[in-house]
Amino acid sequence: MNEPTPAPVTNAPAADRPYLLERVGEAAVVQVYADGFRDLPLRERTLVWHLGQAAIAGRDIFYDQRYAHNLEMRDVLEAIVTHSSGIDRSTLDEIVRYTKLFWINTGPYNNLTSRKFVLACTTADFVAAAQAAARDGARFPLQDGETLDALLARLHPMFFDLDVDPIVTSKTPRAGKDIVTASANNLYVGLTMKDLEGFEEKHPLNSRLVKRDGQLVEEVYRVGGRYGEQIAAIVQHLEAAIPYATEAMARALRALVTFYRTGEEADREAYDIAWVQDKASPVDTINGFVEVYLDARSIKGAWEALVFYVNREKTSQIQTIASQAQWFEDHMPWDPKYRKDGVHGVTANAIDIVIEAGDSGPITPVGINLPNDQAIRERYGSKSVSLSNVNEAYDRSTLPEFRSEFSWTVEEAERSKRWNAFAGELTTNMHEVIGHGSGKVAERLNGSPQAALKEQFSAIEESRADLVALYFLPDRQLVEFGLVPEDAHDEIVRTEYESYTRNALVQLRRVREGTEIEEDHMRNRQMIVHWLMANTSAIDVRTRGGKTYYVMTDPSAFREGVGRLLAEVQRIKGEGDYDAALALFNTYGVHFDAALRDEVVARVDRLQLPSYTGFVMPKLEPVTNDAGEIVDVTISYPLDLTTQMLEYSAATRHLRP
Ligand SMILES: [Zn+2]
């Protein structure tokens with residue numbers, strides 16, 4: 001599970017280094033800094049270097065998983081933007097704008113709405129630009145005997161037609177489609193949900209399913225299998241990393257290498273266990289087919305990699321929550337039969353990321369809790385990380401108007417300015433550690449509520465984790481644990497409840513098309529706020545000067561409602577009650593009023609607030625001696641998305657056919 005972007009980002013306030021680098025349409029581009037890297041011992045810096053190479057090596061896997069035409073499209077775009085001398089200025093500006101959004105979103109689909117975006121120049125201008133680039137020496141991904149014109153004609157619908165493959169992940173398909181056929185991603189080819197009835201996947205997480213000659217085939221992601229070249233390169237870098245790892249981490253890396261070689265489910269489990277048992281290593285990585293948000297069935301893992309080190313200063317809060325996990329479990333407001341008896345070590349750290357690729361970069365989560373395998377979580381616990389330097393980069397670039405525009409009173413905006421960062425970090429930490437980490441499910445689900453809840457699973461699980469955090473925030477025990485200052489506790493609770501409520505309105509800016517929400521975290525937040533509106537007296541909808549406000553008026557009623565809803569959401573997960581999940585989200589979480597969205601969009605556009613952020617990662621470079629041994633690894637900050645994306649693409653081109 002991971003947490004995506006919180007509040008939006010824009011102009012960096014007076015900071016002595018740049019955070020916001022540029023604005024591209026709805027997106028902000030922000031540099032993330034890893035200040036602690038320089039202080040790591042050489043051994044750990046060298047470890048991070050090799051793991052970083054393993055992260056870049058797999059980047060193209062996620063491009064291909066997200067859309068079958070992604071890599072070819074990227075090649076075309078990169079050929080043009082790197083050979084631009086003869087291209088008409090306004091056409092080039094549009095192609096560059098589109099290319100940046102393509103890099104940030106890993107293809108032509110908005111990561112929040114799942115919907116396609118297209119080039120806004122004419123076909124003729126695009127063809128002319130490509131021809132100019134070709135004259136300037138650009139090389140295009142031509143198939144055997146194909147001309148440039150034929151290539152551009154073949155890819156034309158992908159670049160220009162909103163009706164071709166319109167949605168990457170569709171959980172609410174139109175009539176005549178199901179969640180697989182309506183989704184444009186590359187996880188399933190030529191099959192429908194009906195074909196899957198009675199079919200048992202041997203490699204649920206790490207395969208593409210293809211219907212070939214009437215038969216379902218699992219194309220397994222492994223060395224020698226699908227993505228074999230990229231995976232072999234990842235393995236090579238992981239093996240280079242092992243000598244620099246702690247023993248616990250080396251065990252996990254060896255298990256990961258084995259899994260990448262065999263692709264077998266048992267080896268994936270062995271890796272998950274080894275990874276979660278490595279609790280104390282100062283450097284860690286996530287590398288593999290992990291999160292299932294891309295798949296409308298919530299089964300197939302999207303490839304991602306993160307490399308990070310522990311931020312010691314910021315780790316104490318999250319570790320306090322983890323060390324009290326049993327207390328929280330014992331006080332959950334749900335049926336005791338869903339309580340875990342002995343909570344296994346939830347390992348929790350604040351970390352600084354050094355590189356993220358695939359499903360976690362350039363758009364990054366702010367918190368992660370893994371493994372996702374429910375059976376392993378219940379037996380071995382989980383590891384939870386809060387991405388400190390990402391949070392810092394968000395915080396350093398929030399525009400004040402963003403708070404005031406949607407706050408009903410000046411006091412509300414002031415509270416937000418004062419406490420929102422603190423309250424947000426605490427609730428994110430609780431969400432990860434005691435939210436995703438808590439509870440158990442009925443035996444008959446065999447540790448896999450995903451199978452029963454299907455496309456509703458992720459949104460239910462995110463709701464559950466949010467509700468746990470919101471439920472415990474006002475608890476006086478938090479003062480006892482030293483997590484909140486007593487004299488500011490009420491104000492912190494009010495700040496978070498107000499912010500959570502406002503967000504249901506403000507997040508509508510991210511869904512500029514249609515009247516339905518696809519993204520799971522957004523569904524969960526809509527659902528919770530609208531359920532509270534319908535079932536408690538905690539929230540008022542008010543208007544003033546033609547503007548709508550969601551106003552949180554009663555923290556006690558808010559918390560009481562959260563407790564009631566949490567009991568039901570845990571029951572739904574615990575029993576795998578698909579019908580109840582579907583009804584809950586259909587009633588409160590999926591549909592919204594287009595007129596209200598248009599109002600919100602107009603308000604944020606007037607203030608020029610971005611909807612989401614792509615991050616530029618630090619750049620690492622090894623320094624070698626005459627013998628070719630690494631004697632130092634330096635870190636620098638590119639401050640430029642284009643430079644970094646072109647570097648990453650060039651680094652892996654040789655791995656593709
Ligand atoms: Zn989550």
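This report covers selected strands, a helix, buried side chains and salt bridges in a predicted model.

## Strand pairing

Strands β2 (residues 20-24) and β3 (residues 27-31) pair in the antiparallel sense, over four bridges. Valine 24 has alanine 27 as its bridge partner in β3. The two strands form a hairpin with two residues between them. In the turn, glycine 25 has a positive phi of about 55°.

An open sheet of three strands runs in the order β4-β5-β6, with mixed pairing. Its edge strands are β4 (188-189) and β6 (215-220), each paired on one side only. Two bridges join β4 to β5 (residues 207-212) in the parallel sense. One residue pair here is valine 189, with valine 210 as its bridge partner in β5.

## Strand β11 and its neighbours

Strand β11 (residues 383-387) is largely enclosed by the rest of the structure, because five of its five residues are buried. In a regular strand, side chains alternate between the two faces of the sheet. Both faces of β11 are covered. Lys383, Val385 and Leu387 are buried on one side, Ser384 and Ser386 on the other.

β11 pairs with β9 (residues 347-358) through five bridges, and the two run parallel. Asparagine 349 has valine 385 as its bridge partner in β11. β11 also pairs with β10 (residues 367-370), in the antiparallel sense and over four bridges. There, glycine 367 stands opposite serine 386.

## Helix α4

Helix α4 (residues 89-105) has 17 residues, which at 1.5 Å a residue should span 24 Å. The end C-alpha atoms are 24 Å apart, in agreement with that value.

The helix is mostly covered, with twelve of its 17 residues buried. Among them are the aromatic residues Tyr98, Phe102 and Trp103. The charged residues Glu94 and Lys100 are also buried. Threonine 106 follows the helix and has a positive phi, near 50°.

## Tyrosine 309

Tyrosine 309 is found in strand β8. The residue counts as buried because its relative accessibility is 3%. Its contacts beyond four places in sequence include Ala34, Asp35, Gly36, Phe37 and Leu40. Others include Pro282, Val283, Ala350, Ile351, Asp352 and Val354.

Its side chain reaches two backbone nitrogens: glycine 36 at 2.8 Å and phenylalanine 37 at 3.3 Å. Tyrosine 309 and alanine 350 are 41 residues apart in sequence, with their C-alpha atoms 8.7 Å apart in space.

## Buried acids without salt bridges

Aspartate 295 lies in the loop between β7 (283-291) and β8 (302-310). It is buried yet has no salt bridge. Arginine 297 is the nearest side chain of opposite charge, 4.7 Å away. A salt bridge needs a nitrogen-oxygen pair within 4 Å, so this pair does not qualify. The aspartate 295 side chain instead reaches the backbone nitrogen of lysine 300 at 2.9 Å. Beyond four places in sequence, aspartate 295 touches Thr169, Leu187, Tyr188 and Lys300.

Glutamate 519 lies in the loop between α19 (489-506) and α20 (520-535). This residue is also buried without a salt bridge, and the nearest opposite charge, arginine 525, is 6.4 Å away. A polar atom of the glutamate 519 side chain lies 2.9 Å from the backbone nitrogen of methionine 522.

## Salt bridges

The count comes to 54 salt bridges. Arginine 17 forms one with aspartate 35, with the closest N and O atoms 2.9 Å apart. Arginine 17 sits in the loop between β1 (2-3) and β2, and aspartate 35 in the loop between β3 and α1 (42-57). The partners are 18 residues apart. Arginine 17 is partly exposed at 23% relative accessibility, as is aspartate 35 at 43%.

Arginine 154 and glutamate 72 meet at 2.7 Å, N to O. Arginine 154 lies in helix α6 and glutamate 72 in helix α3, so the pair ties together parts 82 residues apart in sequence. Arginine 154 is partly exposed at 29%, whereas glutamate 72 is buried at 19%.

Glutamate 568 and arginine 571 form a salt bridge at 2.9 Å, N to O. They are separated by about one helical turn, because they are three residues apart in helix α21 (residues 555-575). Glutamate 568 is partly exposed at 29%, and arginine 571 is partly exposed at 27%. Elsewhere, salt bridges that share partners join Asp60, Arg74, Asp75, Glu78, Arg653 and Arg656 into one network.

Terms used: Residues are numbered from 1 along each chain as its sequence is written. This is a predicted model: local features need pLDDT of at least 70, side-chain atom pairs count only at pLDDT 80 or more; totals for chains, interfaces and linings use all residues. Side-chain values use heavy atoms; hydrogens and water are left out. Buried means under 20% relative accessible area, exposed over 50%, partly exposed in between (1.4 Å probe, protein chains only). Lys and Arg count as positive and Asp and Glu as negative; His and the chain ends are not counted. A polar contact is a pair of N or O atoms within 3.5 Å; within protein, one must be able to donate a hydrogen and the other to accept it, and residues adjacent in sequence count only if both atoms are side-chain atoms. The expected span of a helix is 1.5 Å times one less than its number of residues. Two strands pair if DSSP finds at least two bridges between them. Contact means heavy atoms within 4.5 Å.
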